[in-house]
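Okay, everyone, thanks for coming. Let me put the structure up, and then I'll walk you through it.

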Amino acid sequence: MEKIMWGETFSVGVRDLDSQHKQIVMLVNTLIEMSDTRVDSEIISDTLTKMTQYAMNHFKTEEQYMLDYGYPEYPAQRKQHQEFKKRTADFCMETMLHKVTVSAEIFTYLKLWWTNHILQEDMKYKKFFNDRGLR
Ligand SMILES: [Fe+2]
């Protein structure tokens, strides 16, 4: 599977959030790399857990900015974040239980979710935050 290519198009215009997104994308790319080589599922499980923890922390920061600045799309963002949390919690459980194979569905989901979420949903707050001096 192709990795996520980070470029300027991924920048949401807020330094904190960009660097958090970058770290998460790096971890997702590590997982994609692991999906191509036969890496022990325990290592995959650890990386998946790490990515999930980074994501939780990131959602907290992002949602706090939205609340602080009264971002109107906050409910939609919160809903997407919650769906992601639920889905990855299931994935983490699944990976821990099935010690041998990790389904490719996990990697596809992570890649598509982050790419679509950053480029579509998060991109909507770029101008909103920038106009209010948050960069
Ligand atoms: Fe988001």
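Let's start with one residue: His 117, which sits in helix α4, the stretch covering residues 104–121. Before I go on, keep in mind that what you're looking at is a predicted model.

So, is His 117 buried or exposed? It counts as buried, because its relative accessibility is 2%, and the cut-off for buried is under 20%.

And what does His 117 touch, once we leave aside its neighbours within four places in sequence? The list is Glu 62, Gln 77, Gln 80, His 81, Leu 112 and Asp 122. For a sense of the layout, take Ile 24 as well: that residue is 93 positions from His 117 in sequence, and the two C-alpha atoms are 12 Å apart in space.

Now hold on to that contact list, as we get to the metal. Which residues are the protein donors of the iron ion? They're Glu 62 through OE, Gln 77 through OE1, His 81 through NE2, His 117 through NE2 and Asp 122 through OD. Those donors lie 2.1 to 2.5 Å from the iron. If you want to find them on the sequence, look for the spacing E-x14-Q-x3-H-x35-H-x4-D. Asp 122 is buried, just as His 117 is.

Let's go over to helix α2, which runs over residues 41–69 and holds Ser 45. Ser 45 is buried, because its relative accessible area is 8% and anything under 20% goes in that class. Its contacts, not counting residues up to four places away in sequence, are Thr 95 and Met 96.

Glu 42 is in helix α2 too. Is Glu 42 buried or exposed? With a relative accessibility of 51%, it counts as exposed, since the line for that is over 50%. Met 96 comes up again here: Glu 42 and Met 96 are 54 residues apart in sequence, yet 7.2 Å apart in space, C-alpha to C-alpha.

One more residue, and this one is in a loop. Lys 124 lies between α4 and α5, where α5 is 126–131. It counts as partly exposed, because its relative accessibility is 45%, which is between the two cut-offs of 20% and 50%. Outside its sequence neighbours up to four places away, Lys 124 touches Tyr 71 and Glu 73. With Glu 73, the separation is 51 residues along the chain and 8.5 Å between C-alpha atoms.

Okay, let's zoom out to the whole protein. How many helices and strands does it have? There are 5 helices and 0 strands, so along the sequence you read α-α-α-α-α.

What about overall dimensions? Along the principal axes, the C-alpha atoms fill a box of roughly 50 × 25 × 20 Å. The radius of gyration is 15 Å, and that agrees with a compact globule, because one with 135 residues would come out near 14 Å.

As for the inside, 43% of the 135 residues count as buried. Then look at contacts with a separation of 6 or more: 77% of them are between residues 24 or more positions apart.

And the outside? The accessible surface is about 7,800 Å², with 53% of that belonging to carbon and sulfur atoms. On charge, we've got 18 positive and 20 negative side chains, and the centres of those two sets lie 4 Å apart.

That's my tour, thanks for listening.

How values were computed
Residues are numbered from 1 along each chain as its sequence is written. This is a predicted model: local features need pLDDT of at least 70, side-chain atom pairs count only at pLDDT 80 or more; totals for chains, interfaces and linings use all residues. Side-chain values use heavy atoms; hydrogens and water are left out. Donors are N, O and S atoms within 2.8 Å of the metal (3.2 Å for Na, K and Ca); water is not among the atoms, so sites may look incomplete. Buried means under 20% relative accessible area, exposed over 50%, partly exposed in between (1.4 Å probe, protein chains only). Helices (H or I, at least four residues) and strands (E, at least two) are DSSP runs, numbered from the N terminus. Contact means heavy atoms within 4.5 Å. The radius of gyration is taken over C-alpha atoms; the globule rule is 2.2 Å times the number of residues to the power 0.38. Accessible areas come from the Shrake-Rupley method with a 1.4 Å probe; for residues, only the protein chains shown count as cover. Lys and Arg count as positive and Asp and Glu as negative; His and the chain ends are not counted. The place of a charge is taken as NZ of Lys, CZ of Arg, CG of Asp or CD of Glu.
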